[in-house]
Amino acid sequence: MNICVIGAGYVGLITALCFGKKGNTVICVEKNLDKLSMLNNGVPTIFEEGLDELLKESLNTDSVKFTDNLEMGIKSSDIIFIAVGTPTKDNWDVDIGQVEVVINLISPYINKYKVVVTKSTVPVGTQKYITSKLLENNVPKEYFDVVSNPEFLREGKAIYDFFHGDKIVLGSESQKALEVMRKLYEPFKIKMVLTNPETAELIKYTSNAMLSVKISFINEIANLCNKACADIDVIAYALGLDKRISPLFLKAGLGYGGSCFPKDTKALVKMSENYNCNLNIVKATVDVNEKQRVLPVDILLEHYKIIEGKTVGILGLTFKPDTDDIREAPSLYIIEKLLKNKVNIKAYDPMVTKEIKNIFPDITYCDGVYECLEDCDAMIICTEWNEFYSIDLCKVNEIMRESIIIDGRNILDIEKIKEANIKAYYSVGKGNIKN
Ligand code: UDX
């Protein structure tokens with residue numbers, strides 16, 4: 001099939017390449033010329049497993065073209081995917097401004113029947129809005145149908161998820177458009193959920209909210225575990241043995257971050273309020289997460305009483321391992337709160353980007369774990385990067401001014417902590433040790 005994908009961000013780029021790999025002819029339209037030049041030269045614009053190879057293969061086989069020529073992209077395609085950003089405004093409403101701009105730009109080029117698909121996460125009612133906007137722009141009604149097709153791609157595993165996802169959700173009022181989409185996705189052999197637009201739009205938010213609820217729930221229980229001398233990992237394991245609960249998304253830590261969960265939970269709360277409906281559980285989930293992500297600072301304040309002038313080493317800055325993404329990472333909130341308390345900060349992340357240096361220019365960025373921990377009064381593990389699991393705790397005890405460890409991801413072995421004579425160890429629901 002002939003496909004046009006508008007936007008070469010995380011979602012658009014993966015969508016374009018994966019459809020290309022399945023034998024479609026794809027044009028990916030991107031207005032950022034630097035990004036375009038990188039992609040056309042086979043240079044990945046994001047860090048994603050398998051992207052380098054897939055991008056090069058797509059360029060070699062000519063299955064995907066990257067261009068800023070929207071007219072060419074729209075006129076030569078049967079299916080148009082909109083994959084632009086939909087950020088959350090300060091009042092938690094979703095900003096669909098970029099989608100509106102795209103609709104206005106593509107309207108003049110819809111010269112025969114095309115299926116317009118929203119891949120971006122958009123609030124309930126957006127499909128109706130797009131339809132009315134296209135009609136308002138004088139696109140004949142027989143020239144288009146709109147389909148909602150939300151993505152469920154994890155960063156870092158997005159290519160795998162595209163080919164092996166649990167579900168494909170398609171929402172439309174048009175049977176004709178649903179049939180086109182069903183054919184497009186048939187080779188993927190993934191279960192499809194065909195429904196109306198509003199349901200499809202809401203599935204995306206509900207799915208991310210449900211996973212966020214699990215995380216905030218297990219984090220609240222973890223905080224109770226610390227007080228009740230119980231072990232959160234054992235509790236999560238036992239819960240996970242119950243097939244009705246599933247073992248996934250029960251890892252206690254510093255809460256969820258990234259480009260989706262924080263934004264989508266807030267948007268769902270706001271959306272429900274606009275419908276005069278209260279989603280108390282999702283609201284509480286957001287609230288718990290906002291407290292959880294700065295838990296290490298509260299622990300430090302309780303430990304030291306006064307933390308001004310102390311030096312803290314932060315291990316891990318990204319919102320999860322194996323990504324270069326710092327959006328909504330707990331580390332950002334921890335650093336901000338530590339700086340407010342006049343703490344000196346050293347930080348190390350195996351993938352740290354220039355981006356974070358622009359946000360916090362005045363902290364010391366290090367090239368390795370031990371350089372980061374040298375002369376620190378405390379350390380905080382914010383991200384569970386593989387290399388942090390095997391930190392030499394005896395060496396840590398030697399080089400830190402005071403070996404106060406806050407293990408925000410519960411990755412260190414308590415027996416090894418005891419052997420290394422660490423001064424104090426704080427976990428998230430696995431107990432604390434103080435010498
Ligand atoms: C998520 C969804 O999984 C994906 O389906 C959606 O479309 C986009 O958002 P992503 O943001 O890449 O993907 O990250 P994910 O791996 O789901 O983790 C999200 C956050 O939850 C991370 O900050 C992670 O550290 C945290 N998390 C996850 C936990 O704290 N505990 C867990 O058990 C699982």
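A polar contact is a pair of N or O atoms within 3.5 Å. Keep that cut-off in mind for the ligand in this predicted model: one of its oxygen atoms sits 3.4 Å from an N or O atom in the side chain of Glu151. Let's go through the ligand's surroundings, then a sheet.

**Around the ligand**

- You'll find 19 residues surrounding the ligand, and the closest are Glu155, Phe249, Lys251, Gly257 and Lys320.
- Sorted by class, that shell has 9 nonpolar, 3 polar and 7 charged residues.
- Helix α9 (residues 197–228) supplies the largest share of the shell, with 3 residues.

**Backbone contacts with the ligand**

- Lys251 has a backbone N or O atom 2.8 Å from an oxygen atom of the ligand.
- For Leu250, a backbone N or O atom lies 3.2 Å from a ligand oxygen atom.
- On its own, the ligand has 670 Å² of accessible area, and the protein covers 90% of that.

**The sheet**

- Seven strands make an open sheet with mixed pairing, and their order is β11-β10-β9-β12-β13-β14-β15.
- β11 (364–365) and β15 (432–434) each have a single partner strand, so these edge strands have one side left without a neighbour in the sheet.
- Strands in a sheet pair through backbone hydrogen bonds, either parallel or antiparallel.
- β9 (residues 311–315) and β12 (residues 378–381) go for the parallel option, over 4 bridges.
- To spot one bridge, look for Val312, whose partner in β12 is Ala378.
- Helix α14 (residues 330–340) packs on the sheet and touches β9, β10 (344–348) and β12.
- The direction of helix α14 makes about 175° with that of β9.

Notes
Residues numbered from 1 in each chain as written. Predicted model: local features only at pLDDT ≥ 70, side-chain atom pairs only at ≥ 80, totals over all residues. Heavy atoms only, no water. Near = heavy atom within 4 Å. Polar contact = N/O pair within 3.5 Å; in protein donor to acceptor, adjacent residues only side chain to side chain. Areas by Shrake-Rupley, 256 points an atom, 1.4 Å probe, with all protein chains shown as cover. Helix = DSSP H or I, 4+ residues; strand = E, 2+ residues; numbered from the N terminus. Nonpolar A, V, L, I, M, F, W, Y, C, P; charged D, E, K, R; others polar. Pairing = 2+ DSSP bridges. Contact = heavy atoms within 4.5 Å. Axes fitted to C-alpha atoms, helices over the stretch in contact; angles between N-to-C directions.
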